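Hello,

Here is the structure we talked about handing over. My notes on the strands follow below it.

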Amino acid sequence: MLAKRIGLALLSLTLLATAGCGFKLQRSYSIPVELQQLHLSSTDQYSELTRLVKDRLRINRVTMVSAAEDTPTLRLVSDSLERATLSLYPTGNVAEYELIYLVTFTVALPKEEPVEYSTEVRRDYQDDPRTALAKSREMEILTREMRVQAADSIIQILASIGNE
């Protein structure tokens with residue numbers, strides 16, 4: 001009985017300590033009140049990036065609404081994946097790439113001009129022509145992870161807009 005009470009007291013103390021120090025769960029941001037209702041616009045409404053951003057907005061309790069004059073708009077302008085050569089094999093084949101995922105988006109608050117932002121995610125990728133199938137699968141996984149990180153970065157930028 002005493003051990004149960006001590007355990008409960010320690011658990012309560014731990015919860016209070018983490019709540020009091022400003023601890024937040026990952027991907028949990030304080031979106032400003034003026035962005036709690038938002039119109040999301042994208043050149044491709046069915047892209048993976050658009051879906052990820054919608055999910056992140058939903059997680060952060062942002063209501064998606066139709067476009068209106070008094071509604072802020074988040075517009076995903078473009079996203080691109082580029083490869084830059086980092087190193088070569090002695091035979092001249094590429095041994096290592098740097099993948100660069102760049103997303104450009106704008107945020108337009110009511111009665112204000114849109115402000116353009118961009119976020120960039122970089123990853124190193126080692127290429128081996130002998131394992132082409134495995135490497136193509138690895139590239140797909142890396143690209144997906146880069147999109148997730150870019151979507152998280154977009155939400156972080158939205159959270160910082162009210163603090164400017």
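β4 and β5 form a hairpin, with six residues between them. In that turn, lysine 111 has a positive phi of about 65°. Bear in mind that this is a predicted model. The two strands pair in the antiparallel sense over 12 bridges, and β5 covers residues 115-126. One of the cross-strand partnerships puts glutamate 98 with aspartate 124 in β5.

β4 also forms a hairpin with β3, this time with five residues between the strands. Here the turn holds glycine 92, with a positive phi of about 100°. β3 spans residues 73-88, runs antiparallel to β4 and is joined to it by 14 bridges. On this side, glutamate 98 in β4 stands opposite alanine 84.

How much of strand β4 is buried? Of its 15 residues (94-108), 14 are buried, so the strand is largely enclosed by the rest of the structure.

Now the whole sheet. It is open, has five strands and runs in the order β2-β1-β3-β4-β5, with mixed pairing. β2 (63-64) and β5 stand at the edges. Each has a single partner strand, so one side of each is left without a neighbour in the sheet.

At the β2 end, the pairing is parallel: β1 (residues 37-42) and β2 share two bridges. Leucine 38 has methionine 64 in β2 as its bridge partner.

Best wishes

Terms used. Residues are numbered from 1 along each chain as its sequence is written. This is a predicted model: local features need pLDDT of at least 70, side-chain atom pairs count only at pLDDT 80 or more; totals for chains, interfaces and linings use all residues. Side-chain values use heavy atoms; hydrogens and water are left out. Buried means under 20% relative accessible area, exposed over 50%, partly exposed in between (1.4 Å probe, protein chains only). Helices (H or I, at least four residues) and strands (E, at least two) are DSSP runs, numbered from the N terminus. Two strands pair if DSSP finds at least two bridges between them.
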